[in-house]
Amino acid sequence: MNAALLVILFFLGLCIWLGLQARKGKEMTIEQWSVGGRGFGSLLMFFLLAGEMFTTYTFLGASGGTYRSGMPPAIYAFNCFYFVIAYWLLPPIWKYAKENKVLSQSDFYEKKYKSQALGILVGIISVVAVIPYLVMQLKGLGIIVSEASYGSISPHMAIVVAVIAVTVYVTVSGMHGAAWTAIVKDILILAVMVFMGYYFPFHYYGGIEPMFEAIDTAKSGFLLFPKQGLSISWFVSATIMTALAFYMFPHMMAGIFSAKSGKSLRINAGVMPIYQIIIVFSLIIGFSGVLQVPDLKGPNTDLALFKMAKLSFDPWFVGVIGAAGAMAALIPSSLVLTAVSTILSKNIYKAWKPNTTDQQLAKLTKRLVPVIALVTLFFTFNGGESILTLYLMSYSFMVQLFPALFFSLWKRNPVTVQGAIAGMIVGSIIVIYSTLTEMSLATVFPSFPNVIKDLDLGLAVLMINIAVTLGVSVITKKPVARADKDTNISNLA
Amino acid sequence: MKKVFLLTLIPALGSLFVINRVEPYIFGLPFVLFWSICWVGLTSLFLIIANKLDPANKEEEEL
């Protein structure tokens, strides 16, 4: 048992304790469990949404991407577009959810369009998209803990222990557990990242500017957007696509529902970008590895951060980094578990057996947590490459839910149930087909200029989806007559 | 409401506008990176101001 391992175990224990603690003084109705009783103010929302946003990606993905491909993924990581979208989109969603007691993302569609079928379709699309996301978080966690413990714990072992821990506190405390553990995680990550992002360039290169100059000399063009491939056109389209898809994820929506007021969501949109500064440090860590640990290849590039850390620090500090990384995977996982079990029980089971009482539903939702955890574990250990393929699809999938949501917030919704369903199905099928055949705009239109070829495919599919949604809606007419008052989003139209 | 909308439009467009050059270095950062980090800060600033002016906050209080 080494020092690193002790540190990781300590923080794991702290997480479980806080997660269990979080339910104190609250009667765990399904509304408390799934969306924290809609009582989270600005501060707790900040930690909760940051908890969803800063995942293993911030930790390994952003630094690894930068290490691998230089500036484009680095700048893509900021995505200020998220927050502008959040400012306009989230308060009206929250408001409708509160007025209509919406508990899950499928609920939202089901109630807006008064169609159980649409609710089920949304439920299926999001479960298919989000399970691979969960699997990737767990795989990341396995790698992080195993690296940080200097191999004394196998990735499998780490994943099993982590899943048991999450299952316990999610079952007991639901959304409350996720929010409180998010606070510890955010503080720890902030401290660790800022320290390393400052330390590496000064220790190895004598400063930040000398580091970038050295990289620029050694690898010309590494610090710029290239003319093709990860070009500016890729950056703009991928940024927009990701931002639109981001809030469609079931666990993000559940997070939004937990807010106390629309104002707390708007304040959050303004404050969250400051938190993005943490990513700057992650990028600098990635850049610092370029010349120091130049030999990482393929998936190992995501370990750039750990290679640098082991090269530079004592085991106990590597343990702290490992703990921060493990929590970066645990918190989003706990949110996903909460959201997915709510959808499965409320939108799918209840559709099948409509006379389930609220108490039975609450019980069932909690019992589903270990079941989903087991299914995820199975895929984590047996999924292989197909999981990665599904994961790459997850954002493109989620963005297909955007048109129906967006139009439903208009004062007069131009979209019919049939339109919404047709758009989602057509969009999803194209996403599956294009991912399986590795299609991109470059393969479909090889003679087009790079500006078009580099566009993100998800965004292109979204356009088709919107066209289908509106087209079918015009044909099926009989608009869903809903006059939603005070819907901010209508001003965008 | 229009004013608020325009305020939020500025960071949305600004952050997507890339100035693709390494030099000059500012605070040790390549220009393209520094420029984007600036927009992170500006996004925050614009959204906070927008929220202060947003009539939606008043409407909510009246509810």
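A residue is called buried if 20 or more other C-beta atoms lie within 10 Å of its own, exposed if 12 or fewer do, and partly exposed in between, with the C-beta atoms placed from the backbone. The views below belong to a predicted model, in which local features need pLDDT of at least 70 and side-chain atom pairs count only at pLDDT 80 or more, while totals for chains, interfaces and linings use all residues. Residues are numbered from 1 along each chain as its sequence is written, and chains are lettered from A and ligands numbered from 1 in the order in which they are written.

**View 1. Ser333(A) and its surroundings in helix 15 of chain A.** Ser333(A) lies in helix 15, which covers residues 315-352 of chain A; helices here are DSSP runs (H or I, at least four residues), strands are runs of E of at least two, and both are numbered from the N terminus. Ser333(A) counts as buried because 29 C-beta neighbours are found inside 10 Å. When neighbours within four places in sequence are left aside, Ser333(A) is in contact (C-beta atoms, placed from the backbone, within 7 Å) with Leu134(A), Gln137(A), Leu138(A) and Val166(A). One of these partners, Leu138(A), is 195 residues from Ser333(A) in sequence, yet the two are 7.9 Å apart in space, C-alpha to C-alpha.

**View 2. The largest nonpolar core, with Ile85(A) among its members.** A nonpolar core is a set of buried Ala, Val, Leu, Ile, Met, Phe, Trp, Tyr and Cys residues joined through C-beta atoms within 7 Å. The largest such core holds 189 residues, of which Ile85(A), Leu141(A), Ala326(A) and Met327(A) touch the most other members. Helix 9 of chain A, residues 155-205, gives the most to this core, with 19 residues. Apart from its neighbours within four places in sequence, Ile85(A) is in contact with Ala243(A), Leu244(A) and Tyr247(A). In soluble globular proteins, nonpolar side chains tend to be buried together.

**View 3. Lys453(A) in helix 21 of chain A.** Lys453(A) has its place in helix 21, residues 450-453 of chain A, and is buried because 20 other C-beta atoms lie within 10 Å. Not counting residues up to four places away in sequence, Lys453(A) touches Leu441(A), Ala442(A), Phe445(A) and Phe448(A). Trp94(A), by contrast, is 359 residues from Lys453(A) in sequence and 37 Å from it in space, C-alpha to C-alpha.

**View 4. Helix 22 of chain A and the residue just after it.** Helix 22 comprises the 20 residues 457-476 of chain A, and its end C-alpha atoms are 28 Å apart, which agrees with the 28 Å expected at 1.5 Å a residue; the expected span is 1.5 Å times one less than the number of residues. The buried residues of this helix include Leu457(A), Leu459(A), Val461(A), Asn465(A) and Ser473(A). Just after helix 22, Lys477(A) takes a positive phi of about 35°.

**View 5. The side of chain A that touches chain B.** Here 39 residues of chain A are in contact with 31 residues of chain B. Helix 5 (71-76), helix 6 (81-99), helix 10 (208-218), helix 11 (232-246) and helix 13 (262-292) of chain A each supply at least two residues of this side of chain A, and the largest share, 12 residues, comes from helix 13. The residues on this side divide into 26 nonpolar, 8 polar and 5 charged, where Ala, Val, Leu, Ile, Met, Phe, Trp, Tyr, Cys and Pro count as nonpolar, Asp, Glu, Lys and Arg as charged, and the others, Gly among them, as polar. The model scores ipTM 0.87 and pTM 0.80.

**View 6. Chain B and its three helices.** Chain B has 3 helices and 0 strands, and from the N terminus on its elements run α-α-α. Its C-alpha trace spans about 50 × 20 × 10 Å along the principal axes, and 33% of its 63 residues count as buried. The mean pLDDT (the predictor's confidence in each residue, from 0 to 100) of chain B is 80, and 90% of its residues reach 70 or more. Within chain B, confidence is highest in helix 2 (residues 31-53), at a mean of 86, and lowest in helix 3 (residues 55-62), at 68. Where pLDDT is low, the predicted coordinates should not be read in detail.

Methods:
Contact = placed C-beta atoms within 7 Å.
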